[in-house]
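Student: I would like to go through this model with questions on its interface, its helix packing and its charged pairs. Where should we start?

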Amino acid sequence: MNRITDFQEGDSLPPIQLAPVTRLDLIKYAGASGDFNPIHTIDAEAEGAGLPGIIAHGMWTMGNLAKIFTPYLEEGFIQDYAIRFKGMVFLEDVITLKATVVEKKQRQVIFQVQAVNQSDKDVLKGDLVFLL
Amino acid sequence: MLKESIGKRSEKVKNTIERGAVRKFAEAIGDPAPIYIDEQAGAASRYKRNIAPPTFPVTFDAGKIDGLDLPSKGLIHGEQIYHYERPLFIGEDVYCWMEVKDYYEKSGNFGEMGFLVVIKKGESADGELLFTEERIVIINEAARKGMTV
């Protein structure tokens, strides 16, 4: 496996494609995170809020996205992780997680990170600093 | 009234990072890596112990800000930003509090939207700052009107 320091500006870490989103994924996240907002788990509540169906917690997707960096935690840790939520994630959506090096400094590798759905639309996007 | 909450903060609350809670959280985000959940792997790591995933602070109780009662509907999570001094360790106590950093309104396609910026901070038992979490919540006009009634 590559080390994070082997990646150069413009290089991408190996992307990760998630399995289609299930209701159980979101029920588990609700329990583990303590976010029981019912628009994430109960159809009627989501519809009552004007949504076509339940949507994933933004933090579920943001939590998933960070795992692109988990294999490199022996080299350092995530110092900064800033995300803008750009689009909703629905059941059955297939999310792909991506990270590309935008800048390398002495002790920091700066990435652009994003999660896209099956239509290649950004659902979240941001920047991450990995501190060596 | 949201503007008046700028600068208000909560009292510190002690949170203990529990092994089982981290395991459940790591599984829920599809990242049950040994560095988070395996005791031996943690001991052999550069941190000499298990650490928590970077978004784990969403589970921390950071108290309540007086007078800040957000509606349960009409909120959109706009942004989330973490800054870490070091990873969080399983078993450690983290003292958390929140503060309203800013509130402003902007008009957009869906009317006048409110942007509330709330920061959550966590300190070690020695008072050393460990992390900052910033959350931007967008509140639509209908939800804000509901708050003033």
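Tutor: We start with a definition: a polar contact is a pair of N or O atoms within 3.5 Å, and within protein one must be able to donate a hydrogen and the other to accept it. Bear in mind that this is a predicted model.

Student: How many residue pairs are in polar contact between chain A and chain B?

Tutor: The interface brings 27 residues of chain A into contact with 31 residues of chain B. Between the two chains the count of salt bridges is zero. For residue pairs in polar contact, both at pLDDT 80 or more, the count between chain A and chain B is 13.

Student: Which element gives the most residues to the side of chain A that touches chain B?

Tutor: The elements of chain A that give two or more residues to that side are α1, α3 and β2 (77–85). By class, the side has 13 nonpolar, seven polar and seven charged residues. The element that gives the most, with nine residues, is β2(A).

Student: What area is buried between chain A and chain B?

Tutor: The size of an interface is often given as the accessible area lost when the parts come together. Carbon and sulfur atoms give 59% of that area here. The area buried between chain A and chain B is about 2300 Å².

Student: Why do the buried residues of α1(B) line one face of the helix, and within what arc do they fall?

Tutor: Helix α1 of chain B covers residues 19–28, and its buried residues are B:Val22, B:Phe25, B:Ala26 and B:Ala28. Because their directions, seen down the axis of α1(B), are confined to a single arc, they line one face; that arc is 160 degrees.

Student: Against which elements do the buried residues of α1(B) pack?

Tutor: The partners come from both chains. From chain B there is α2 (34–37), and from chain A there are α1 (23–33) and α3 (58–65).

Student: Is B:Leu88 buried or exposed?

Tutor: B:Leu88 lies in the loop between β2 (75–84) and β3 (93–108) of chain B. Leaving out residues up to four places away in sequence, B:Leu88 touches eight listed partners, among them B:Ile17, B:Phe60 and B:Phe131. Its relative accessible area is 1%, and the cut-off is under 20%, so B:Leu88 is buried.

Student: With which side chain does the side chain of A:Gln114 make a polar contact?

Tutor: A:Gln114 is found in strand β4 (residues 108–116) of chain A, and at 16% relative accessibility A:Gln114 counts as buried. Residues that A:Gln114 touches include A:Leu65, A:Thr96 and A:Leu124. The polar contact, at 2.7 Å, is with the side chain of A:Asp122.

Student: How many residues apart are A:Asp43 and A:Arg23?

Tutor: The side chains of A:Asp43 and A:Arg23 meet in a salt bridge of 3.0 Å, N to O. The pair links distant parts of the chain, with A:Asp43 in helix α2 and A:Arg23 in helix α1; they are 20 residues apart. A:Asp43 counts as partly exposed at 33% relative accessibility. To restate the separation, it is 20 residues.

Student: What is the relative accessibility of B:Glu92, which forms a salt bridge with B:Arg86?

Tutor: The closest N and O atoms of B:Arg86 and B:Glu92 are 2.9 Å apart. B:Arg86 counts as buried at 16% relative accessibility. B:Glu92 counts as buried too, at 13%.

Conventions. Residues numbered from 1 in each chain as written. Chains lettered and ligands numbered in written order. Predicted model: local features only at pLDDT ≥ 70, side-chain atom pairs only at ≥ 80, totals over all residues. Heavy atoms only, no water. Buried < 20%, exposed > 50% of the residue type's maximum accessible area, 1.4 Å probe, protein only. Helix = DSSP H or I, 4+ residues; strand = E, 2+ residues; numbered from the N terminus. Arc of directions from axis to C-beta. Contact = heavy atoms within 4.5 Å. Buried area = accessible area lost by both parts, 1.4 Å probe. Salt bridge = Lys/Arg side-chain N within 4 Å of Asp/Glu carboxyl O. Nonpolar A, V, L, I, M, F, W, Y, C, P; charged D, E, K, R; others polar.
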